[in-house]
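Welcome! Take a moment to look over the structure shown here, and then we will walk through some of its strands and cores together.

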Amino acid sequence: RRSRSDFADLLGIRLVVLGAPMEAVDPASAPFFAAPRRVGPAWVYDNPRAVPRALFVGREEARAYDPAALVAGGGLPALDWRREALIDPLTERGDAAAVPAGTPAGSVQIVDRRSDRIDLEVTAARDGFVVLHDMAYPGWVVYVDGMPQEPRRANVLFMAAAVPAGRHDVSFAYEPLAPRHLLSLLAGGER
């Protein structure tokens, strides 16, 4: 069986606080949580599947997706959200057979974060994507080593940026008043 808390995992929710036992609130998810701690009238559950705010996935772990198919299928596919991601658009292809199982694709370190910007240091063993589990919204831009690119959609609600192998500085910046965004909005675009 599979937990129905994929979005809670992707949002990085580490604690689930309920006013009743999990079995009464969401019986299908109850087996995926350890015994709760009682804090007054609340049941507090640890979520061991919470995904980091920023992570790196190799191209071979990236999956294209169709939002309409996700809705028709009733939800997200069964993926290991710490190693795999849904990326849109996904024009690059990776060769999963070329990468030994269990080989880390790379790492991401948060260097600085503010309400309108998050700076990351990325070390990529191979080409892939930095996935930032912050909500995708018009006005965001990504800088990879100072070069701008439009963020891609990741895991339906979040953002990603294509990053080549090597060490890179990556910044996600909210710039809604940048001329390119204003011109696109005036032309009827989303960004």
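## Strands and cores

Let us start with one pair of residues in this predicted model: Gln 109 has Glu 121, in strand β8, as its bridge partner. That pair is part of a longer match, since β7 and β8 (residues 117–124) run antiparallel and are joined by 8 bridges.

Both strands belong to an open sheet of 5 strands, in the order β7-β8-β14-β10-β11, where the pairing is antiparallel. At the edges stand β7 (106–114) and β11 (147–149); each has a single partner strand, so one side of each is left without a neighbour in the sheet. On average, neighbouring strands of this sheet are turned by 25° against each other, direction ignored.

Now turn to strand β13. How many of the 6 residues of β13 are buried? The count is 6 of the 6 in this strand (residues 158–163), so β13 is largely enclosed by the rest of the structure. Its side chains face two ways: Phe 158, Ala 160 and Ala 162 point one way, while Met 159, Ala 161 and Val 163 point the other, and all are buried.

Two strands that pair with β13 are listed here, each with a residue that stands opposite one in β13.

| Strand | Residues | Pairing with β13 | Opposite residues |
|---|---|---|---|
| β9 | 128–132 | antiparallel, 5 bridges | Gly 128 and Val 163 |
| β12 | 152–154 | antiparallel, 3 bridges | Ala 154 and Phe 158 |

The link from β12 to β13 is a hairpin with 3 residues between the strands, and Asn 155 in the turn has a positive phi of about 50°.

Next, the interior. In soluble globular proteins, nonpolar side chains tend to be buried together. Here, the largest nonpolar core has 20 residues, and those that touch the most other members are Trp 81, Leu 86, Ile 87, Phe 129 and Val 131. At least two residues of this core come from each of β4 (54–58), β6 (85–88), β9 and β13. There is also a second, separate core of 19 residues, with Ala 54, Leu 120, Ala 124 and Val 130 among them.

Which residues is Val 131 in contact with, leaving aside its neighbours within four places in sequence? They are Arg 53, Ala 54, Leu 55, Val 57, Ala 85, Ile 87, Ala 154, Asn 155, Met 159 and Ala 160. Among these contacts of Val 131 is Asn 155, the turn residue of the hairpin between β12 and β13.

Notes
Residues numbered from 1 in each chain as written. Predicted model: local features only at pLDDT ≥ 70, side-chain atom pairs only at ≥ 80, totals over all residues. Heavy atoms only, no water. Buried < 20%, exposed > 50% of the residue type's maximum accessible area, 1.4 Å probe, protein only. Helix = DSSP H or I, 4+ residues; strand = E, 2+ residues; numbered from the N terminus. Pairing = 2+ DSSP bridges. Axes fitted to C-alpha atoms, helices over the stretch in contact; angles between N-to-C directions. Core = buried A, V, L, I, M, F, W, Y, C linked by side-chain atoms within 4.5 Å. Contact = heavy atoms within 4.5 Å.
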